[in-house]
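Here is a friendly walk through one protein model. Please look at the picture first, and then follow the strands and the chain contact along with the text.

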Amino acid sequence: MKDIAIKTINVALIIVTVFLTLMSGVLLYYKTLGKDKVPSAITSTYVTTVEDPQTGEQLPTIEANYYSNRNGKGYEVVELLFNCYSGIAKQAIYSRGFQLVINEDGTKLYQYNRYDGVNFETGHEYQWGDKMIIDINGTTYAVALDGEYSITTKTFSFGKAVWHTIAGLFTGYNYDENAFNYDTKVYQYTFEDLLIKVGQILKSSSNGTGDSVISLVDLGDFLHIYEIDENGQVSGEPVGNRTLTNSYFTMQTHYDNRGMVWAKQSMFESVAGDSQFNISGIADNVDYWKVTSEVELTEKDFVARYLTSENGYYYALSTEKINELKNFKNIEINIDFNISNFEDVNVLGLDYYALYGLKINSLTISSSTQRDFKLLVGSLKDTGLTTIDTVNVNLININSGVSV
Amino acid sequence: MKWYWYIVCAVLIVVGIFSSIELVEMFNVASKEYGTAITIETKNNYDEIAKYDFGTIGFESDDYINFSNVTTFAPIEFDGKDKDYILLFNDQPAVNTVVTNGKVVGDVNLVFYGLEGEKVSKAELHFVVEYFASQTKVTTTITNENDSVAYLETYMGINGAILKVVERSAL
């Protein structure tokens, strides 16, 4: 009885072993001779925007900035910003930035963070494979720089060359292929590699210089997307593993063919870790107490009224113009009324209520020849003027509203 | 069976199991898509006609004396023949706005004062808005005198930079 049981187990074991060995053989076939019979698939991920949970604003997932320094007057700088989340609960946008600075001292990578509009050099440098949390159509994913590439080198092999000479008598000679040892090494892409590629993408873009958006930039060689399950676990392999993976990103870009010369040109407001960087010759950190908008008016802005009794013209701003200017707060109106710019016109002065109620900062009345100029009743009333500048003009004030 | 045949079988079974799993995965690959291929608008594209929000104007200069910026926006239908327009920068007027058929030109002068009320700088901004059929092109130029570009940068950092072309009658 026991022998029968052992024999049965042995037979079953042999059948299973043969079957699974056949499976191994089938796999070997498809990995070697039957490669072309293996089906393939394409996985495409579209990464466009993330929503700032605090403001509701849609932000581009990737922003890029490249100053190519074609004019040789600054630094060549490539910048890349990932607008990602601070954690899987997506409480806040906590952006991660990478800046490649290329100057006479060489090439160096700097890493930044941005939160709530403040940029600062990171305290946690991201490495190959580190995950950043993003959003695709409302679902949380992670993105990582984890691409690899391989380089094959060939070195001459004397032994192979001799053997191939003998074998070549029967099979033909091909010393380009058969007399060498081949060594393939796999390398990991770095953030420097990614930034150089992004810089090249911006440089080659038909959008040219300035701000633009480049849609569907395939960074699938460098970046891969990972699913995150309901427990917050990030999958061990990227989506579309075993398939051709297209990682499309929509990038908001700025390309400039000048060199970067001050920190304000950087999306991190800092160059090589220095927020005060400025080799532009432009003053930095200037500040002011108050700003106004200066409005310059001349005699051309005035309308004329002919007075037959005096055979001349009085001038005033039109009611429409006065009402228009009254709409603006914080403006500073300066009037330069040059009588000599009127040709063959007898200019008598400012008309009744010519500037009534309009706050005037300064009024200059000038002429190339000495002459009188009348200020009719109310012409300067409620303008706030205390002085009037004159050049070759004798003012005749007829209760204008201002003591001059 | 001899004991070593059991070891051989075990090895072959383990290899076979992994091979089978890989075969299943190999023949079950399927193309998938995650997300949607949409195009995002640049921050400069706005639906509101004749309002151009730059955020901040990114000036370019080769000599760091004369600065300029050219930004393009979506085209709009604009006819300057029949209506009078005024150009506003952050709601400050360019009173000398000149309007031709498809073009609006104006200057906005910002005067900066220091703590004692003294004038410390003046930024003279020259705007040209051109309404082409394919795009609206806004050119902004400024000359850097008395650190005017630096003051303007500070100003735009606080107030932003919004250019509007509005009908005078709508003021």
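Two strands count as paired if DSSP finds at least two bridges between them. Strands (E, at least two residues) and helices (H or I, at least four) are DSSP runs, numbered from the N terminus. The model is predicted: local features need pLDDT of at least 70, side-chain atom pairs count only at pLDDT 80 or more, and totals for chains, interfaces and linings use all residues. Residues are numbered from 1 along each chain as its sequence is written, chains are lettered from A and ligands numbered from 1 in the order in which they are written, and side-chain values use heavy atoms, with hydrogens and water left out.

**Sheets and strand pairs**

Let us start in chain A. Here an open sheet is built from three strands in the order β9-β10-β14, with antiparallel pairing. Its edges are β9 (131–136) and β14 (223–227) of chain A, each of which pairs on one side only. On average, neighbouring strands in this sheet are turned by 40° against each other, direction ignored; for such angles, axes are lines fitted to C-alpha atoms, and the scale runs from 0 to 180 degrees between N-to-C directions.

Chain B offers an open sheet of four strands, β2-β10-β4-β5, also paired in the antiparallel sense. Its edge strands are β2 (51–53) and β5 (92–94) of chain B, and the average turn between neighbours is 25°, direction ignored. In a regular strand, side chains alternate between the two faces of the sheet.

The table gathers some strand pairs, with one pair of partner residues for each.

| Strands | Sense | Bridges | Partner residues |
|---|---|---|---|
| β10(A) and β14(A) | antiparallel | five | A144(A) and H224(A) |
| β18(A) and β20(A) | parallel | three | Y313(A) and V347(A) |
| β20(A) and β21(A) | parallel | two | L350(A) and L375(A) |
| β2(B) and β10(B) | antiparallel | three | K51(B) and K164(B) |

**A link within chain A**

Strand β9 of chain A also takes part in a salt bridge, through D135(A). A salt bridge is a side-chain nitrogen of Lys or Arg within 4 Å of a carboxyl oxygen of Asp or Glu. K90(A) and D135(A) meet this way, at 2.6 Å from N to O. The pair links distant parts of the chain, 45 residues apart, with K90(A) lying in the loop between β5 (76–82) and β6 (95–103) of chain A. Over all chains, the structure holds 11 salt bridges.

**Where the chains meet**

How many residues does each chain bring to the contact? Chain A gives 74 and chain B gives 66, where contact means heavy atoms within 4.5 Å. The area buried between them is about 5900 Å², with 61% of it from carbon and sulfur atoms; buried area is the accessible area (1.4 Å probe) that two parts lose on being put together, summed over both.

Four salt bridges cross this interface. In K122(B) and E296(A), which form a salt bridge, the closest N and O atoms are 3.8 Å apart.

Which element gives the largest share of the side of chain A that touches chain B? That is α1(A), with 14 residues. By class, this side has 33 nonpolar, 24 polar and 17 charged residues. Ala, Val, Leu, Ile, Met, Phe, Trp, Tyr, Cys and Pro count as nonpolar, Asp, Glu, Lys and Arg as charged, and the others, Gly among them, as polar.

Strands pair across the chains too: β16(A) and β7(B) run antiparallel and are joined by five bridges. There, E294(A) has N109(B) as its bridge partner.
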